[in-house]
Amino acid sequence: MAAEIVNPRSDSSTDQEGAEPLDSFDPAFALHRGGKMAVQATVPVRDKDDLSLAYTPGVARVCTAIAEQPDLVNDYTWKSSVVAVVTDGTAVLGLGDIGPQASLPVMEGKAILFKQFGGVDAVPIALDCTGVDEIVETVVRLAPSFGGVNLEDISAPRCFEIEKQLQERLDIPVFHDDQHGTAVVTLAALRNAARLSGREIGQLRAVISGAGAAGVAIAKMLVEAGIGDVAVADRKGVVSADREDLTSVKRELAGFTNKAGITGSLEDALAGADVFIGVSGGTVPEEAVASMAEGAFVFAMANPNPEVHPDVAHKYAAVVATGRSDFPNQINNVLAFPGIFAGALQVRATRITEGMKIAAAEALAAVVGDDLAADYVIPSPFDERVAPAVTAAVAAAARAEGVARR
């Protein structure tokens, strides 16, 4: 059984009694009517012989074998090739806490991206609960049906604890894409920007605007990759050890970032910085961008409005990236998560390690190759080389780190 990317019905009835259908004037509604995905069988059921194999009595023999040898579930069901896309609807895109039902169009979209770009089947699961323990217990009970869990659009700081507890309790990959997918693609783009400028990543000082899920994960990955220094700023300024208002997550963040001991505002931190990474929204003043080091990189990834508009960034920066598809160098998670899960599932990994994420970033950066340019430090999501390269790198890293089961 597989998730098929289809629109199973095209009902043109009115959305409210007497009202014109929304899809009569908005193509997004027309595309979404009836949902964006369906289930399709991978075996035929044409006659009674097929039926007796696909269902009873033949299926009973398979069930009995799995009961006796549980690992056979990976060979005789779709478990080892399907991912649960789990949300509680509390941090959906830039829309915020819109609830589980309103999150479903995004989760369906995520599922078809898994299939389209990684060949991985995925099932959207929107939970009507927001407590950490409730979510963890629910996902643990659902886990026997899946080969991996992709956490999506769950607000910080709960997302950190939910992921941590699930990773401790499950023996399948658990991956919060809002954190790690963003971090992988950011690191890949930064490696290529540094290569373009003739520098190593260890020579760079970065400043991240935003200490939520993505900001914390990017900081961790940059440190793991050997960044010279990185400071993170939230609404109250630079996250530093001398602040008394920090959450436990931010206290931990302060412990491994900001070696220079910078205090004050985001603007203060940007003076002389080599890299700006925006994952917070808001607007960075032009004079702050102008204060950065010569040949700086500006990755302004807020959608739809980047923290620094590319027209402004290009006045001062050597490389500019955004989260938008209508500008060059789009930092898009779809470059990472399909291949990461495909690689992890291929070797039946028990988890996704930091080494696997670093390997994904390196493979993604390598796709650019000799075509590297200021407007091409990261490949397009539609580059057919991306998913196979990331998949192979992640699978190899899983084997090297001892988390592969085949």
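Helices in this account are DSSP runs of H or I with at least four residues, and strands are runs of E with at least two, both numbered from the N terminus. On that basis the chain of this predicted model contains 16 helices and 12 strands. The radius of gyration is 23 Å, close to the 22 Å that the globule rule gives for 406 residues, so the chain is as compact as a globular protein of that length. Taken along the principal axes, the C-alpha atoms fill a box of roughly 75 × 60 × 45 Å.

Several totals describe the chain as a whole. Of its 406 residues, 52% are buried. Among contacts with a separation of 6 or more, 66% are between residues 24 or more positions apart. The chain exposes about 18600 Å², and carbon and sulfur atoms supply 52% of that area. As for charge, there are 33 positive and 54 negative side chains, and the centres of the two sets lie 5 Å apart.

The discussion now turns to a sheet. Strands of a sheet pair through backbone hydrogen bonds, in either a parallel or an antiparallel manner. Six strands form an open sheet here, in the order 9-8-7-10-11-12 and with mixed pairing. Its edges are strand 9 (237-238) and strand 12 (317-322), each of which pairs on one side only. Within the sheet, strand 7 (residues 205-209) and strand 8 (residues 229-234) run parallel and are joined by five bridges. In this pair, S209 of strand 7 stands opposite A233 in strand 8.

Strand 12 deserves separate attention. Strand 11 (residues 296-300) runs parallel to strand 12, and five bridges join the two; F297 stands opposite V319 in strand 12. Although strand 12 is an edge strand that pairs on one side only, five of its six residues are buried, so the strand is largely enclosed by the rest of the structure.

V319 also leads to a residue outside the sheet, since V319 is among the residues that V377 touches. V377 is placed in the loop between helix 15 (354-368) and helix 16 (386-400). Its relative accessible area is 0%, and because buried means under 20%, V377 is counted as buried. Leaving out residues up to four places away in sequence, V377 touches A188, A189, N192, A193, V319, N329, V368 and L372. One of these, N192, is 185 residues from V377 along the chain, yet the C-alpha atoms of the two are separated by 5.4 Å.

A second loop residue, L95, lies between strand 3 (82-87) and helix 5 (100-118). Exposed means over 50% relative accessible area, so at 58% L95 counts as exposed. L95 and F25 are 70 residues apart along the chain, and their C-alpha atoms are separated by 22 Å.

The last residue considered is N74, found in helix 4 (residues 73-76). The relative accessible area of N74 is 18%, and because the limit for a buried residue is under 20%, N74 is buried. Apart from neighbours within four places in sequence, N74 is in contact with K79, S80 and R348.

Conventions. Residues are numbered from 1 along each chain as its sequence is written. This is a predicted model: local features need pLDDT of at least 70, side-chain atom pairs count only at pLDDT 80 or more; totals for chains, interfaces and linings use all residues. Side-chain values use heavy atoms; hydrogens and water are left out. The radius of gyration is taken over C-alpha atoms; the globule rule is 2.2 Å times the number of residues to the power 0.38. Buried means under 20% relative accessible area, exposed over 50%, partly exposed in between (1.4 Å probe, protein chains only). Contact means heavy atoms within 4.5 Å. Accessible areas come from the Shrake-Rupley method with a 1.4 Å probe; for residues, only the protein chains shown count as cover. Lys and Arg count as positive and Asp and Glu as negative; His and the chain ends are not counted. The place of a charge is taken as NZ of Lys, CZ of Arg, CG of Asp or CD of Glu. Two strands pair if DSSP finds at least two bridges between them.
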